[in-house]
Amino acid sequence: MHVVLIVSRTIALKSGALRQDIHYWLGKDTSQDEAGAAALMTVELDAALGGRAVQYREVQGHETERFLS
């Protein structure tokens, strides 16, 4: 699958602070060019959000629990 998906999630913590996660998901047949473009877009999104987001690379079949939740 050649699909690339970028998901941004903001969570308000009990302290009132915001936690930002950015996941970029790569399908099993994603090319290196597509994966590189997704990584670049993720960095650009993080910069637009103030540079405080945690970035996660997700690969089809090996997704993190945080992403699946």
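Biologist: Let's start with the charged side chains. Which residue forms a salt bridge with aspartate 21 at 3.0 Å between the closest N and O atoms?

Modeller: Here's the general idea: side chains of opposite charge can pair when their charged atoms come close. In this model, which is predicted, the partner is arginine 19, whose closest N or O contact with aspartate 21 spans 3.0 Å. In total, the structure holds three salt bridges.

Biologist: Are both of those residues tucked away? I mean, is aspartate 21 buried or exposed?

Modeller: Aspartate 21 has 0% relative accessibility, so it counts as buried. Arginine 19 comes out at 25%, and therefore counts as partly exposed.

Biologist: Which other residue forms a salt bridge with aspartate 21, at 3.7 Å?

Modeller: That's arginine 66, with 3.7 Å between the closest N and O atoms. Arginine 66 sits in helix 2 (residues 65–68) while aspartate 21 belongs to strand 2, so this pair ties together parts of the chain that are 45 residues apart in sequence. At 33% relative accessibility, arginine 66 counts as partly exposed. Put the pieces together and you get a network of salt bridges linking Arg19, Asp21 and Arg66.

Biologist: And what does lysine 28 pair with in a salt bridge?

Modeller: Lysine 28 meets aspartate 29, with 3.8 Å from N to O. Lysine 28 is in the loop between strand 2 and helix 1. With 60% relative accessibility it counts as exposed, whereas aspartate 29, at 39%, counts as partly exposed.

Biologist: Okay, now a charged residue with no such partner. How far is aspartate 46 from the nearest side chain of opposite charge?

Modeller: The distance is 7.7 Å, and the side chain in question is arginine 52. A salt bridge needs the nitrogen and oxygen within 4 Å, and aspartate 46 has none, although it is buried. You'll find aspartate 46 in helix 1. Leaving out residues up to four places away in sequence, aspartate 46 touches Ile22, Gly51, Arg52, Ala53 and Gln55.

Biologist: Let's move on to the sheet. How do I read the strand order?

Modeller: The general idea is that strands of a sheet pair through backbone hydrogen bonds, either parallel or antiparallel. Here three strands form an open sheet in the order 1-2-3, with mixed pairing. Strand 1 (4–12) and strand 3 (54–59) are at the edges with a single partner strand each, so one side of each has no neighbour in the sheet. From one strand to the next, the twist averages 20°.

Biologist: What makes the pairing mixed? Start with strand 1 and strand 2: how many bridges join them?

Modeller: Nine bridges join strand 1 and strand 2, and the two run antiparallel. One place to look is alanine 12, which stands opposite leucine 18 in strand 2. These two strands make a hairpin with five residues between them, and glycine 16 in the turn has a positive phi of about 100°.

Biologist: In what sense do strand 2 and strand 3 pair?

Modeller: In the parallel sense, over six bridges, with strand 2 covering residues 18–26. Aspartate 21, our salt-bridge friend, stands opposite valine 54 in strand 3. Helix 1 (residues 32–48) packs on the sheet and touches strand 1, strand 2 and strand 3, with its direction at about 170° to that of strand 2.

Biologist: Which residue of strand 3 does leucine 26 stand opposite?

Modeller: Leucine 26 stands opposite valine 59. To get from strand 2 to strand 3, the chain passes through helix 1, and this β-α-β crossover is right-handed.

Biologist: Last topic: distance along the chain versus distance in space. How far apart in space are lysine 28 and valine 59?

Modeller: They're 6.9 Å apart, C-alpha to C-alpha, though 31 residues separate them in sequence. Now try alanine 39 and leucine 18: they are 21 residues apart along the chain, and their C-alpha atoms are separated by 23 Å. Alanine 39 is found in helix 1 and is partly exposed, with a relative accessible area of 24%.

Technical notes:
Residues are numbered from 1 along each chain as its sequence is written. This is a predicted model: local features need pLDDT of at least 70, side-chain atom pairs count only at pLDDT 80 or more; totals for chains, interfaces and linings use all residues. Side-chain values use heavy atoms; hydrogens and water are left out. Two strands pair if DSSP finds at least two bridges between them. Helices (H or I, at least four residues) and strands (E, at least two) are DSSP runs, numbered from the N terminus. Axes are lines fitted to C-alpha atoms, for helices over the stretch in contact, and angles run from 0 to 180 degrees between N-to-C directions. Contact means heavy atoms within 4.5 Å. Buried means under 20% relative accessible area, exposed over 50%, partly exposed in between (1.4 Å probe, protein chains only). Lys and Arg count as positive and Asp and Glu as negative; His and the chain ends are not counted. A crossover is right-handed if, with the strands pointing away from the viewer, the path from the first strand over the helix to the second runs clockwise.
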